[in-house]
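Reader: I've got this one open on my screen and I'd like a close look at a single part of it. Could you walk me through one strand pairing and then show me how it sits in the rest of the chain?

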Amino acid sequence: MILRTKIDQIDGLGIKIHKANRAKIKGCDISKCTNGIEVDCGDPLVIMNKIFKCYENGIITIAKRGILCNGHFKFNSVY
């Protein structure tokens, strides 16, 4: 669980969620990263985050080898 964290000016990913992980990310400010949140075949709950000024993607999901990526994304501000 990652709650109310500020992640700023990272030369890479802000947060990465791996296979079968059910992480909860809530109320974070993520800025100036390559990708704000990257989900790799996980099942996270990502709610009420502010993701801005990312160089490539705010939130990206990746499904590999038939493994689903069933994350729940609600009330996020991505710009």
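Author: Let's start with Lys 50, whose bridge partner in β11 is Ser 77. That pair belongs to the contact between strand β8 (residues 50-52) and β11, where two bridges join the strands and the direction is parallel. Keep in mind that you're looking at a predicted model.

Now step back one level. β8 and β11 are part of an open sheet of four strands, ordered β2-β5-β8-β11, and the pairing there is parallel. The edges of that sheet are β2 (6-8) and β11 (77-78), each of which pairs on one side only. So what holds neighbours like these together? Strands of a sheet pair through backbone hydrogen bonds, and they can do that either parallel or antiparallel.

There's more parallel pairing elsewhere, and β6 is a good place to find it. Strand β3 (residues 13-17) runs parallel to β6, with four bridges joining the two. If you want a residue to click on, try Ile 17, which has Val 39 in β6 as its bridge partner. β6 also pairs with strand β9 (residues 57-62), again in the parallel sense, this time over five bridges. There you can pick out Asn 35, which stands opposite Asn 57 in β9.

How covered is β6 itself? Strand β6 spans residues 35-40, and six of its six residues are buried. Set that beside the chain as a whole, where buried residues make up 33% of the 79 residues.

Zooming out further, the chain has 11 strands and zero helices, so reading from the N terminus you simply go β-β-β-β-β-β-β-β-β-β-β. Of the contacts with a separation of 6 or more, 32% are between residues 24 or more positions apart.

As for overall dimensions, the C-alpha atoms fill a box of roughly 35 × 20 × 15 Å along the principal axes. The radius of gyration is 12 Å, which agrees with the value near 12 Å that a compact globule of 79 residues would have.

Last, the outside. The chain exposes about 5000 Å², and carbon and sulfur atoms supply 50% of that area. On the charge side, you'll find 13 positive and 7 negative side chains, with the centres of the two sets 7 Å apart.

Key: Residues are numbered from 1 along each chain as its sequence is written. This is a predicted model: local features need pLDDT of at least 70, side-chain atom pairs count only at pLDDT 80 or more; totals for chains, interfaces and linings use all residues. Side-chain values use heavy atoms; hydrogens and water are left out. The radius of gyration is taken over C-alpha atoms; the globule rule is 2.2 Å times the number of residues to the power 0.38. Buried means under 20% relative accessible area, exposed over 50%, partly exposed in between (1.4 Å probe, protein chains only). Contact means heavy atoms within 4.5 Å. Accessible areas come from the Shrake-Rupley method with a 1.4 Å probe; for residues, only the protein chains shown count as cover. Lys and Arg count as positive and Asp and Glu as negative; His and the chain ends are not counted. The place of a charge is taken as NZ of Lys, CZ of Arg, CG of Asp or CD of Glu. Two strands pair if DSSP finds at least two bridges between them.
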